[in-house]
Amino acid sequence: MPPKAKPAATPLPSVWAREQRTPDQPALSRAAIVREAVAMLDADGIEALSMRKLGARLNAGATSLYRHVATKDELMELAVDEVAAEIRVPELQDGAAWRAAVTEAAAGFRATALRHPWLSSVLGQAGLAYLGPNLMTYSERLAALFTAAGFPEPSRAIDTVLSYVIGMSTTEAAWLTTVARSGETEATFIARLMPAAQQAAAGHEHLAGSYTDAAAITDPVALRDEKFRYGLEVVLDGLALRLPK
């Protein structure tokens, strides 16, 4: 009997794993689709993005979009990579200055994540987004920074910092999205929220005091910046212990 033919391999579920088609509508390029998708995500969030709505914004049918992007998941991969181009990672000229360089890189990621509040929450769900050219470049620069700093396992040090930055950015972006939906300033929203928070914390010995102090918040932006810096310093203190003496 002739040998059975091997079943065809299942295509990898990523836009970066397949060849890009030649556009049949020059004005409707993948780049144009992604730019408009990012604008929609920034304005209305993930829930509001659909291929149908995106097609309407571009004066094109969903079928035309599918010639460039096969699924919404692929579109999210492309959107993540698009905004990753905004994140800057400094070159390390002096190994002794690694903390300042990592702090700058972390702050750059946070700033990008707050400009695009949907970013942090989808990074872990965006398929094989890390195969995108911008994210590859970002990862390469981080690897160069941590290698120049002298870390024996740079990838693990990078994972540690990114876990902190992504976690904090996700929480912060969600909070700012809630504030934006209220139509109020952050300070006004906090002032209106505080009585309910204090009531909820009443009777909780270790929480009640913190909400009493929070009632005096006059500069919430500075407070968020300080919280981020504090946690990052703790992470970097721990990583410093991993450097060879």
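**A tour of the aromatic pairs and the nonpolar core**

Start by selecting Arg 110 and Phe 228: Arg 110 lies over the face of the Phe 228 ring, 4.9 Å from the ring centre. The model is a predicted one.

Keep Phe 228 and add Tyr 164. These two form a tilted aromatic pair, with 5.6 Å between centres and 35 degrees between the planes. Tyr 164 belongs to helix H8 and Phe 228 to helix H11, so the pair ties together parts of the chain 64 residues apart in sequence. Tyr 164 and Phe 228 are both buried.

How many aromatic pairs are there in the count? There are five. For another of them, select Trp 98 and Phe 151, which meet edge-to-face at 5.1 Å centre to centre, with 90 degrees between the planes. Here too distant parts of the chain are linked: Trp 98 is in helix H5, while Phe 151 sits in the loop between H7 and H8, 53 residues apart. Both residues are buried. Now add Phe 146: ring pairs join Trp 98, Phe 146 and Phe 151 into a cluster.

Next, widen the view to the largest nonpolar core, which has 52 residues. The members that touch the most others are Trp 98, Trp 118, Phe 146, Val 161 and Leu 239. Among the elements giving two or more residues to this core are helix H1 (30–44), helix H4 (72–84), helix H5 (98–115), helix H8 (154–182) and helix H11 (220–240).

Finish on Trp 118. Leaving aside residues up to four places away in sequence, Trp 118 touches Val 38, Leu 41, Asp 42, Ile 46, Met 76, Ala 79, Val 80 and Val 83.

Notes: Residues are numbered from 1 along each chain as its sequence is written. This is a predicted model: local features need pLDDT of at least 70, side-chain atom pairs count only at pLDDT 80 or more; totals for chains, interfaces and linings use all residues. Side-chain values use heavy atoms; hydrogens and water are left out. A nonpolar core is a set of buried Ala, Val, Leu, Ile, Met, Phe, Trp, Tyr and Cys residues joined through side-chain atoms within 4.5 Å. Buried means under 20% relative accessible area, exposed over 50%, partly exposed in between (1.4 Å probe, protein chains only). Helices (H or I, at least four residues) and strands (E, at least two) are DSSP runs, numbered from the N terminus. Contact means heavy atoms within 4.5 Å. Rings of Phe, Tyr and Trp (its six-membered ring) pair if their centres lie within 6.5 Å; planes under 30 degrees apart count as stacked, over 60 as edge-to-face and the rest as tilted. A charge sits over a ring if NZ of Lys or CZ of Arg is within 6 Å of the ring centre and within 35 degrees of the ring normal.
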